[in-house]
Amino acid sequence: MSSVKGDAVTVSGDSRPNDIREGREGLPGWTYTNAELFDLECDTLFRRHWQIVGHVNDIPETGDYLTLDLVGERALVVRDRKGNINAFHNLCRHRASRVVAGERGNCPGVITCPFHAWSYELDGRLRGAAQAATFPALDKDEWGLKPIEMEIWHGLIFVRFQEGPQPSVAELFAEHEAEVSPYLLDDMVPDGNGIYLTDPIDINWKSSRDVDNEGYHVAMAHPGLHDLYGQNYVDEAGVGDVSRSIGHFNTAPPRLWSVKNYRKMVDALDAPWSALPNSWVYMGLYPNTVVAIYPDSVIFYQDIPRGVLSSSVRGGVYRRREESRALKAARYLSGRIDNTTIEEDLMLMVWSQEAVYSSGYDGIILSDLERGVRAYHDRLRQDLPVLNDGEAPQAGTIHDRNADLLKGG
Ligand code: FES
Ligand SMILES: [Fe+2]
């Protein structure tokens, strides 16, 4: 039996106070399995931080909508008759059913609840209740859909379910503005495959982030990425809400078919895309989202926890409105490299998660090359200082203990 406490590790009663893991030990194992902590994470992180729903060009027509389900919250973004995009809770004011059932679709001029047919205008106002005379008079504004805070940044639609500590999305990304602008993301369109949501796997969402937050494993686990940029990958992680990682394409000639052809197609791009850097840049938005910019496409993905031990990934790919043959081929090939990477990472996430159940597990040690993981854990500890506890606090006390620690208690 072993446990990690502060900087001392106890293994079978043997104390090693000067453990070389200090500052490199990652989060304690209990934080990957504890349901009470997960509730706190849902509240502190997922409900109060910006989340991508999609891109404005996912919903180009009047009545087009997208939804996002996250930790019990349900967002609906819909384009109204004036062309504006509005965000609401996907929650009928009658008996709180979803007002739209799908992940995307079109409401032809009006949103009609599938339960008892209350109807809402596309700007959220109540149009009318079915059999309205059986209710007291319902004010159309007061009984409209409840708005959710929304911001559009370079065409990406962000919502925040509850007021949170982050500034606006534009402010969060301000220092990356000059880098992002030339990609003209605002005008990009979906790749035609829609927004995906993977089947859940039996991991805590942090096991997914931990794998995604470092490139140390690329050389071993991702032959494609290694061939593309493995020698030149850098995590520039600080303790902030937007981290940046960059993989400059290798100068050595690629060996794999997909990477070789991808590089060839990127070299054949026309202006202005030919002027974009030969790199893939990942911007991680705390706590669970990544926007990545490639010469041929822009993608986003986000971890969607389905429970303390269940997690999915949701994401989308955006392309240029007009694509040359080379651009289209490059996008196809970058997608292929990415899909292989996702497959390869799945097993690593499962293995990271299952480690904490082993009786031999006594924590981990992180390399300097895993600074992204360290910085991310540091950022989590700012919001959730209870993550510093080597063992799980007594059941029923985690919320209060965290609140006390935040107050300096
Ligand atoms: S719950 Fe929507 S109409 Fe009844
Ligand atoms: Fe990976």
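**Exercise 1. Salt bridges**

How many salt bridges does the count come to? Work through a few of them, and ask how accessible the partners are.

*Solution.* This is a predicted model, so please read every value below as computed from it.

Step 1. The count comes to 22 salt bridges, taking a side-chain nitrogen of Lys or Arg within 4 Å of a carboxyl oxygen of Asp or Glu.

Step 2. Begin with aspartate 69 and arginine 98, whose closest N and O atoms are 2.6 Å apart. Aspartate 69 sits in strand E5 (residues 64–70), while arginine 98 belongs to the loop between strand E7 (85–89) and strand E8 (104–106), so this pair ties together parts that are 29 residues apart in sequence. Aspartate 69 has 34% relative accessibility and therefore counts as partly exposed. Arginine 98 is also partly exposed, at 30%.

Step 3. Now turn to glutamate 236 and arginine 244, which meet in a salt bridge at 2.8 Å, N to O. Glutamate 236 is partly exposed, its relative accessible area being 42%. Arginine 244, by contrast, is buried, because its value of 15% falls under the 20% limit.

Step 4. Finally, look for shared partners: Asp19, Arg21 and Asp362 are joined into one network by salt bridges.

**Exercise 2. Where two domains meet**

Describe the interface between domain 1 and domain 2, then find the salt bridge partners of arginine 47.

*Solution.*

Step 1. Set the bounds. Domain 1 is made of 17–49 + 202–409, and domain 2 covers 51–151. Their C-alpha centres lie 33 Å apart.

Step 2. Look at the contacts. On the domain 1 side 16 residues take part, and they touch 13 residues of domain 2.

Step 3. Consider the area. The size of an interface is often given as the accessible area lost when the parts come together. Here about 1,100 Å² is buried between domain 1 and domain 2, with carbon and sulfur atoms giving 52% of the area. Three residues, Arg47, Arg314 and Tyr318, supply 40% of what domain 1 buries against domain 2, more than any other three residues.

Step 4. Check for charge pairs. The rule finds 1 salt bridge across the interface of domain 1 and domain 2. Arginine 47 pairs with glutamate 73 at 2.9 Å, N to O, and these two residues fall within the bounds of domain 1 and domain 2 respectively.

Step 5. Follow arginine 47 further. Aspartate 43 also forms a salt bridge with arginine 47, with 3.1 Å between the closest N and O atoms. Arginine 47 counts as buried because its relative accessibility is 17%, whereas aspartate 43, at 27%, counts as partly exposed.

**Exercise 3. The iron site**

Which residues coordinate the iron ion (ligand 2), and how would you class the geometry of its site?

*Solution.*

Step 1. List the donors. His217 and His222 each coordinate through NE2, and Asp345 is listed with OD twice, at 2.1 to 2.5 Å.

Step 2. Place them in sequence: the spacing reads H-x4-H-x122-D. Both histidine 217 and histidine 222 are buried.

Step 3. Judge the angles. Among the 4 donor atoms they run from 56 to 153°. A tetrahedral site needs all angles between 85 and 135 degrees, and square planar needs opposite donors over 155 degrees apart. The site is therefore irregular.

**Exercise 4. Helix H7**

Which residues of helix H7 are buried, and what do the buried residues pack against?

*Solution.*

Step 1. Helix H7 spans residues 257–267, and its buried residues are Ser258, Val259, Asn261, Tyr262, Arg263, Met265 and Val266.

Step 2. Their packing partners are helix H6 (223–229), strand E18 (279–285) and helix H8 (325–355).

Key:
Residues are numbered from 1 along each chain as its sequence is written. Chains are lettered from A and ligands numbered from 1 in the order in which they are written. This is a predicted model: local features need pLDDT of at least 70, side-chain atom pairs count only at pLDDT 80 or more; totals for chains, interfaces and linings use all residues. Side-chain values use heavy atoms; hydrogens and water are left out. Donors are N, O and S atoms within 2.8 Å of the metal (3.2 Å for Na, K and Ca); water is not among the atoms, so sites may look incomplete. Four donors count as tetrahedral if all angles lie between 85 and 135 degrees; four count as square planar and six as octahedral if opposite donors are over 155 degrees apart and all others between 65 and 115; anything else is irregular. Buried means under 20% relative accessible area, exposed over 50%, partly exposed in between (1.4 Å probe, protein chains only). Helices (H or I, at least four residues) and strands (E, at least two) are DSSP runs, numbered from the N terminus. Contact means heavy atoms within 4.5 Å. Domain bounds come from an automatic or database domain assignment. Buried area is the accessible area (1.4 Å probe) that two parts lose on being put together, summed over both.
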